[in-house]
Amino acid sequence: MSNGFEIRWHGRGGQGAKTAALLLADVAFKTGKYVQGFPEYGPERMGAPITAYNRISDQPIRVHSNIYTPDLVAVVDETLLHSVDVTDGLKEDGAVIVNSPKSPEEIRPMLKGYKGKVYTVDARKISVEALGKYFPNSPMLAAAVAVSGIMEHDAFISEMRNSYQHKFAKKPEVIDGNMLALQLTYDALKDVV
């Protein structure tokens, strides 16, 4: 039985990888999917490597374990490529997205021979342009949805706006900035996905 579409997130504490996984689960649930979104805790400190997971399915999910053979890996911090085997268990017909200004061709040699699809998104550039600060999770969340195709663009954008409006009701500039970050990410990937 299929576990649906599985995503593993790699980031560092404080970068929003856990938040991105939980937001994705929330948004996918609101579009009628069955979901799981959960972190794996190691040392909980700023800058420490963290892992988070998503399962998204059209059918009830009966598995309650970590994800060992993901369909997609999202790497929120490029420096993790030097210390973590981010492609461990990643399906050959899957994909990896790395937050980097480098091209996929420049990143591929750091992926321990992984033969599947490689995408890069400059989440720093996008978030600074859209929000004035470095918050990589919104661009990486949009990249994960764009690359995976797990939900329609319009449904994703609509549900993310609702989520941000709920979370940042008194900060319309934060809502607008995050929405811009999502759209800029989609625009950056539209010719490669």
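R55 and E6 pair up in a salt bridge, with 2.7 Å between the closest N and O atoms. This is a predicted model, so keep that in mind for everything below. The R55–E6 pair ties together distant parts of the chain: R55 sits in strand 3 (residues 49-57) and E6 in strand 1 (residues 5-12), 49 residues apart. Are these two partners buried or exposed? R55 is buried, at 1% relative accessibility, and E6 is buried too, with a relative accessible area of 5%.

**The other charged pairs**

How many salt bridges turn up in a search of the whole structure? The count is 6. As a general point, oppositely charged side chains can pair when their charged atoms come close. Three of the pairs are set out here, the R55–E6 one among them.

| Pair | Closest N to O distance |
|---|---|
| R55 and E6 | 2.7 Å |
| R12 and D77 | 3.3 Å |
| K91 and D71 | 3.0 Å |

Take R12 and D77, which form a salt bridge. R12 belongs to strand 1, while D77 lies in the loop between strand 4 (72-75) and strand 5 (95-99), and the two are 65 residues apart. D77 counts as buried, since its relative accessibility is 12% and the cut-off for buried is under 20%.

K91 and D71 make another salt bridge through their side chains. This one runs from loop to loop: K91 is in the loop between strand 4 and strand 5, D71 in the loop between strand 3 and strand 4, with their positions 20 residues apart in the chain. Here the partners fall into two classes of accessibility: K91 is partly exposed at 29%, whereas D71 is buried at 14%.

**Inside the protein**

Now for the nonpolar side chains. The largest nonpolar core has 45 residues, and the members that touch the most other members are W9, L24, I97, F156 and M160. Which residues does I97 touch, once those up to four places away in sequence are set aside? The list is L72, V73, A74, V75, Y119, V121, M140, A143, A144 and V147. There is also a second, separate core, made of 11 residues, including V73, I107, L111 and Y114.

**How helix 5 packs**

Two of the core residues just named, F156 and M160, come up again in the helix packing. Helix 5 (residues 153-167) has its axis within 12 Å of that of helix 4 (residues 137-148), and the two axes cross at roughly 155°. That angle makes helix 4 roughly antiparallel to helix 5, because anything over 145 degrees counts that way. The crossing is right-handed. From helix 4, the residues S138, L141, A142 and V145 meet F156, M160 and Y164 of helix 5.

Helix 1 (residues 17-30) also packs against helix 5: their axes come within 10 Å and cross at roughly 115°. This crossing is right-handed as well. On the helix 1 side, the residues in contact are T19, L23, D26, V27 and K30, and on the helix 5 side they are F156, E159, M160, S163, Y164 and K167. F156, M160 and Y164 thus meet helix 1, and they meet helix 4 too.

T19 deserves a closer look. Its place is in helix 1, and it is partly exposed, with 29% relative accessibility. Leaving out neighbours within four places in sequence, T19 is in contact with N137 and K167. What separates T19 from D71, the salt-bridge partner of K91? The two are 52 residues apart in sequence and 20 Å apart in space, C-alpha to C-alpha.

**Two more spots to check**

K112 is in the loop between helix 2 (104-107) and strand 6 (117-121). Its phi is near 50°, a positive value in a residue other than glycine. Buried or exposed? K112 is exposed, with a relative accessible area of 57%.

Finally, have a look at V193, in the segment after helix 6 (172-189). V193 is partly exposed, at 46% relative accessible area. Setting aside residues up to four places away in sequence, V193 touches Y119, A146 and V147. Y119 and V147 also appear on the contact list of I97. V145, one of the helix 4 residues that meet helix 5, is 48 residues from V193 in sequence and 11 Å from it in space, C-alpha to C-alpha.

Note on methods:
Residues are numbered from 1 along each chain as its sequence is written. This is a predicted model: local features need pLDDT of at least 70, side-chain atom pairs count only at pLDDT 80 or more; totals for chains, interfaces and linings use all residues. Side-chain values use heavy atoms; hydrogens and water are left out. A nonpolar core is a set of buried Ala, Val, Leu, Ile, Met, Phe, Trp, Tyr and Cys residues joined through side-chain atoms within 4.5 Å. Buried means under 20% relative accessible area, exposed over 50%, partly exposed in between (1.4 Å probe, protein chains only). Contact means heavy atoms within 4.5 Å. A salt bridge is a side-chain nitrogen of Lys or Arg within 4 Å of a carboxyl oxygen of Asp or Glu. Axes are lines fitted to C-alpha atoms, for helices over the stretch in contact, and angles run from 0 to 180 degrees between N-to-C directions. Angles under 35 degrees count as roughly parallel, over 145 as roughly antiparallel, 65 to 115 as roughly perpendicular and the rest as oblique. A crossing is left-handed if the near helix is turned anticlockwise from the far one by less than a right angle, and right-handed if clockwise.
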